[in-house]
Amino acid sequence: MDISRRDLFQIGGKILVLASVGATLEQITGAAPPGEAYRMADHWWGMLIDIEKCIGCGNCVRACSKENNVPQGYFRTWVERYEIEDEAKPPRVESPNGAIDGFPPSTRTDLKSFFVPKLCNHCADSPCVQVCPVGATFVSPDGVVLVDQTYCLGCRYCVQACPYGCRYLHPETNTVDKCTLCYHRITQGLTTACCENCPTGARQLVDFKNPQDPIHEILRTQMVQVLKPYMATRAKVYYENLDGAVR
Amino acid sequence: MRRWFRDSAHLIRPALVLMAALVVFLAIRTAIVPKAFGQYGHYRPGALDLVRQHPIAFAGQDACLMCHDDEAKARAAGKHAHVACEACHGPLAQHADDPSAHVPKLPEVANLCRRCHEQDAAKPHNFPQVITAEHSGGAACNDCHKPHNPHL
């Protein structure tokens with residue numbers, strides 16, 4: 001077999017390209033430390049939601065869906081409207097299409113009603129992380145529960161384990177998807193899309209490791225609680241002025 | 001060779017097979033599991049970068065205010081002072097990156113105002129709300145109110 005000078009260059013070039021592709025794969029799977037300016041150890045993210053400020057406009061749901069390309073009919077955050085007629089009976093809860101277009105107006109003034117925005121609680125002791133058989137979901141060093149889309153098998157264990165119903169199987173990738181607390185934004189100094197677009201400031205991104213964060217004052221002086229505290233998940237989404245009927 | 005106990009010879013071959021299987025398992029495991037797996041916990045640290053690579057859609061307040069300080073002034077004087085630009089105007093990170101290539105459309109006023117200000121018993125009582133049909137008689141909100149500073 002004759003190898004001309006031309007062949008040699010062509011083959012050499014192909015080998016070079018393949019080698020460089022190999023190198024990038026190595027970088028993707030390897031441990032490139034995330035970001036230079038952002039230090040994960042300096043943050044511990046969570047959220048504060050004030051029920052008395054929520055007007056149920058659904059801006060957060062729309063913003064989340066646009067920011068994160070959430071598939072239609074699936075929600076990383078949603079808003080529920082509670083209507084409590086009789087404390088002894090279960091409340092009426094509705095969330096038409098996740099409240100992505102707000103709510104049809106309710107005129108019932110004879111009962112207690114309010115809005116409850118919901119999202120992943122970014123639990124520090126998260127049941128969803130504990131059940132993952134392959135290490136595809138985890139609590140990041142800065143306290144955000146994330147999914148490794150390249151590792152997820154789509155077994156749905158975590159979807160069932162989440163006590164707050166915050167996970168879904170993405171219909172196109174068939175991997176589990178959930179709120180990332182806009183990790184791509186908060187690690188660049190921005191707030192989450194839902195907090196950015198909340199017109200009344202009912203949602204606030206909080207950083208528990210920042211001593212200047214107003215959350216410390218609020219936790220000390222206000223009535224705050226998390227959803228389902230009896231699950232002992234150490235949820236980090238705190239609610240102000242939350243009614244006891246909310247589950 | 002001295003036998004340890006009666007018929008112990010038949011254990012040697014399975015033991016060898018098991019050893020070989022173990023070696024193969026460990027070899028495959030080292031080849032498959034990424035090097036940094038377990039650096040921060042039982043997961044692949046590269047996943048953090050993967051999540052961070054997601055593009056940003058909402059540029060954020062500060063980006064808007066770099067150019068639009070006249071609108072910001074009008075808004076700061078009114079009740080909408082703390083409503084972010086993109087809460088009404090939609091995601092405009094592309095516009096912030098290249099203003100001439102992505103010119104934003106004006107929001108549809110009819111739905112926009114109503115979503116927040118339509119009367120609903122579940123809304124906080126101190127929040128300004130109207131029954132649109134009775135309030136405006138079919139006129140568009142911005143016939144009377146200026147959206148950046150809605151006071152008449």
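In this predicted model, I49(A) stands opposite Y239(A), a residue of strand β11(A). The pairing behind this position involves strand β1 of chain A, residues 45–50, and strand β11 of chain A, residues 237–240; the two run parallel and are joined by four bridges. Y239(A) also has a partner in another strand: Q225(A) is bridged to Y239(A) in β11(A). Q225(A) belongs to strand β10 of chain A, residues 224–225, which pairs with β11(A) in the antiparallel sense over two bridges. Strand β11(A) is thus paired in parallel with β1(A) and in the antiparallel sense with β10(A).

From here the path leads to the contact between the chains. Chain A contributes 58 residues to this contact and chain B contributes 41. About 4,000 Å² is buried between chain B and chain A, with 60% of it on carbon and sulfur atoms. On the chain B side, the residues that lose the most area to chain A are R52(B), F58(B) and R115(B), which together account for 18% of what that side buries.

The polar part of the contact can be counted as well. Between chain B and chain A there are two salt bridges. R44(B) forms a salt bridge with D148(A), in which the closest N and O atoms are 2.8 Å apart. Residue pairs in polar contact between the two chains, both residues at pLDDT 80 or more, number 14.

Three helices of chain B, α2 (46–52), α5 (85–89) and α7 (109–117), each supply at least two residues of the side that touches chain A. The largest share, seven residues, comes from α2(B). By class, this side of chain B has 24 nonpolar, eight polar and nine charged residues.

Methods:
Residues are numbered from 1 along each chain as its sequence is written. Chains are lettered from A and ligands numbered from 1 in the order in which they are written. This is a predicted model: local features need pLDDT of at least 70, side-chain atom pairs count only at pLDDT 80 or more; totals for chains, interfaces and linings use all residues. Side-chain values use heavy atoms; hydrogens and water are left out. Two strands pair if DSSP finds at least two bridges between them. Contact means heavy atoms within 4.5 Å. Buried area is the accessible area (1.4 Å probe) that two parts lose on being put together, summed over both. A salt bridge is a side-chain nitrogen of Lys or Arg within 4 Å of a carboxyl oxygen of Asp or Glu. A polar contact is a pair of N or O atoms within 3.5 Å; within protein, one must be able to donate a hydrogen and the other to accept it, and residues adjacent in sequence count only if both atoms are side-chain atoms. Ala, Val, Leu, Ile, Met, Phe, Trp, Tyr, Cys and Pro count as nonpolar, Asp, Glu, Lys and Arg as charged, and the others, Gly among them, as polar.
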